[in-house]
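User: I should like to examine the reasoning behind several descriptions of this protein chain. Please set each value against its criterion.

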Amino acid sequence: MNSKEATIYQQMRDDIISGELRPGEKITEAKMAKKYNVSRTPIREAIKQLELEYFIKDSYIFIPDSEEFRKIFEMRILLETHALQKAGVVFLQEDIDELRSYTDIDIDGDESFIIETNDKFHQKIMSATHNEFIMDTYEKMRSFIFLFSKTVINKRRPGLIEEHKEIVNALENRNIDEAIFLLREHLEKDLTFSLHYLELN
């Protein structure tokens, strides 16, 4: 995906999340090309990616219900805790230092920066798998992960950054069972917090 295609994908994804593109709305290349004032090629690539990420289904905008969100998060928890277990074996001190650098942020700071840094934190954990098939599965959840990250950060979920720091500390001390427990608890809190707000909309 080139830069123009990535931009259109991000715009469509953001418009789905914001409700600009409504659940159940039919999506066609011609309609979207007109809306975003671009050719059909970047639209086609964006639609393909959003279909992979389950935000478009059978040419319609698709937003999962609460139970489907829980199933998606169950998969995310399985993948990230597996990756963290691998990190306990393969991460060097420089990897842990990098992971810690993503916890040195102000939760009341710029929302876009916090979302980006939060994504880097979880992507760094996932990188420990060194498994392209696992990463491909994780990438398919990327839009949903972004949606939940945006919600917990926009609504300033208490303890978010502190939990990241606790995970890093446990990992650095090679207390992997504790690190995995903390990560699972962290993600479950994200899910519960996000569903509370998403169900209000």
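The exchange below concerns a predicted model and takes up its fold, its overall dimensions and one charged surface patch.

User: What makes up the secondary structure of the protein chain, and which pattern does it follow along the sequence?

Analyst: The chain contains 10 helices and two strands. In sequence order the pattern reads α-α-α-β-β-α-α-α-α-α-α-α.

User: Why is the protein chain called as compact as a globular protein of its length?

Analyst: Its radius of gyration is 18 Å, and the globule rule gives 17 Å for 201 residues; the two values are close, so the description applies. Along the principal axes, the C-alpha atoms fill a box of roughly 55 × 35 × 30 Å. As for burial, 44% of the 201 residues count as buried, the criterion being under 20% relative accessible area.

User: What makes the patch formed by E162, E166, E178, E185 and E188 negative?

Analyst: Each of these five residues is a Glu, and Glu counts as negative, so the surface patch they form is a negative one.

User: Which helices supply the negative patch, and which gives the most?

Analyst: α9 (160-172) and α10 (176-198) each supply at least two residues. The greatest contribution comes from α10, with three residues.

User: Why is E188 called partly exposed?

Analyst: E188, located in helix α10, has a relative accessibility of 38%. Buried means under 20% and exposed over 50%; the value for E188 lies in between, and E188 therefore counts as partly exposed.

Definitions and conventions. Residues are numbered from 1 along each chain as its sequence is written. This is a predicted model: local features need pLDDT of at least 70, side-chain atom pairs count only at pLDDT 80 or more; totals for chains, interfaces and linings use all residues. Side-chain values use heavy atoms; hydrogens and water are left out. Patches are made of residues with over 30% relative accessible area and no salt bridge: like charges are joined within 9 Å, nonpolar side chains (Val, Leu, Ile, Met, Phe, Trp, Tyr) within 5 Å. Accessible areas come from the Shrake-Rupley method with a 1.4 Å probe; for residues, only the protein chains shown count as cover. A salt bridge is a side-chain nitrogen of Lys or Arg within 4 Å of a carboxyl oxygen of Asp or Glu. The place of a charge is taken as NZ of Lys, CZ of Arg, CG of Asp or CD of Glu. Helices (H or I, at least four residues) and strands (E, at least two) are DSSP runs, numbered from the N terminus. Buried means under 20% relative accessible area, exposed over 50%, partly exposed in between (1.4 Å probe, protein chains only). The radius of gyration is taken over C-alpha atoms; the globule rule is 2.2 Å times the number of residues to the power 0.38.
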